[in-house]
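Have your viewer ready and a selection box open. This is a short walk through the empty spaces of one model, with a helix and a ring on the way.

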Amino acid sequence: MSYALDVATTPATRTEQVYEVLRAELLNGDLQPSQKLKMVELTERFGVSQSVIREALTRLTEQGLLVATPQRGFRVRDLSIQDITELTETRIQIESLALRLAVERGDLQWETGILAAHHRLERTPVTREDGTVSEDWSVQHRDYHQALLTGCGNRRLESVATSLRDSAELYRRWYWVLTDDHQRDLAREHRELKELALARDADRAIEVLTEHIDRAPSLLIAYAREHGVDDLTPKGPPTPQDQLGR
């Protein structure tokens with residue numbers, strides 16, 4: 001399949017298109033942990049300049065999906081138990097702080113934003129017909145969690161929380177296809193978070209948020225240990241594509 005982009009589009013648009021294709025491939029397991037992304041191959045594949053490719057790869061690196069190494073370029077990040085553990089611990093601390101401040105400081109606009117974001121999330125299917133996570137749902141899910149925290153009134157804190165959540169997206173996708181947790185009632189969890197935030201019950205909201213964040217990483221770590229591996233690489237568990245093909 002050719003991904004050559006329309007030369008009439010602006011560099012910014014071409015970068016966005018390349019970014020979206022590569023991000024989808026990363027999250028769907030088409031690109032493997034530790035796999036190197038070769039600049040020349042990507043420029044030929046997409047029919048764009050190296051500067052466009054580099055900007056797209058840099059954005060993915062900022063989201064924690066790629067790793068940039070001096071003189072060695074970009075590669076897909078490794079997925080390890082240690083990284084999942086550290087990332088989850090940090091997310092819980094940061095998002096709990098942001099949510100507590102949002103509950104204390106949030107105004108009517110914040111409340112309205114939560115209601116609107118939750119309404120959109122609730123009406124967006126989680127998966128496609130093939131069982132993979134819907135990109136539309138992922139967008140609504142991200143927007144909902146951002147809406148919960150935006151009332152904190154601290155843009156730096158929001159930025160850190162968003163960055164950490166982006167870094168966790170790859171693990172969320174692997175959790176979805178590698179663990180047996182498809183009966184999870186995500187709708188109930190999100191609804192409860194909304195109700196507690198609007199009720200200004202910060203303590204209980206943080207308890208629910210902590211459980212919500214921790215569930216996927218805990219099950220993914222359990223999966224890795226059950227299969228006798230310390231990291232989630234192609235040498236260990238099957239890739240999402242392999243799992244879906246069973």
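## Inside the protein

Start with the enclosed space: this predicted model holds two cavities of 30 Å³ or more. The largest cavity has a volume of about 320 Å³. To find it, select His 141, Arg 172, Tyr 175, Arg 184 and Ala 216, which lie nearest its centre among the 24 residues of its lining.

Now colour the elements around that space. Helix H4 (81–105), helix H6 (135–149), helix H7 (155–178) and H9 each give two or more residues to the lining of the largest cavity. Which of them gives the largest share of the lining? Helix H7 does, with seven residues. If you colour the lining of the largest cavity by class, you will get 14 nonpolar, five polar and five charged residues.

## Along H9

Next, select residues 202–226, which form helix H9. Its 25 residues reach 36 Å from the first C-alpha to the last, close to the 36 Å expected at 1.5 Å a residue. Zoom in on Asp 214, where H9 has a kink of about 35°. The proline Pro 217 comes shortly after the kink.

## The largest pocket

Move on to the open spaces. The largest pocket has a volume of about 190 Å³. Select Tyr 19, Glu 20, Arg 23, Glu 135, Ser 138, Val 139, His 141, Arg 142, Arg 165, Asp 166, Glu 169 and Arg 172 to show its lining. You have already met His 141 and Arg 172 by the centre of the largest cavity.

Helix H1 (11–27), H6 and H7 each supply at least two residues of this lining, and the largest share, five residues, comes from H6. By class, the lining of the largest pocket has eight charged residues, two polar and two nonpolar.

Stay with Tyr 19, part of that lining, and add Arg 59 to the selection. Arg 59 lies over the face of the Tyr 19 ring, at 3.7 Å from the ring centre. How many aromatic pairs does a search of the whole structure find? It finds zero.

## The second largest pocket

For the last stop, go to the second largest pocket, with about 160 Å³ of space. Its lining has 13 residues, and those closest to its centre are Val 126, Trp 137, Leu 186, Ala 187 and His 190. Helix H5 (108–122) and helix H8 (186–198) are the elements that give two or more residues to this lining. Colour the lining of the second largest pocket by class, and it divides into six nonpolar, four polar and three charged residues.

How values were computed. Residues numbered from 1 in each chain as written. Predicted model: local features only at pLDDT ≥ 70, side-chain atom pairs only at ≥ 80, totals over all residues. Heavy atoms only, no water. Helix = DSSP H or I, 4+ residues; strand = E, 2+ residues; numbered from the N terminus. Expected span 1.5 Å × (residues − 1). Bend = angle between axes of the 7 residues up to and from the residue. Phe/Tyr/Trp six-rings, centres within 6.5 Å; stacked < 30°, edge-to-face > 60°. Lys NZ or Arg CZ within 6 Å of the ring centre and 35° of its normal. 1 Å grid on protein atoms, 1.4 Å probe; cavity = no way out; pocket = protein on both sides within 12 Å on 5 of 7 lines; lining within 4 Å. Points joined across faces, edges and corners; volume = space filled by probe spheres on them. Nonpolar A, V, L, I, M, F, W, Y, C, P; charged D, E, K, R; others polar.
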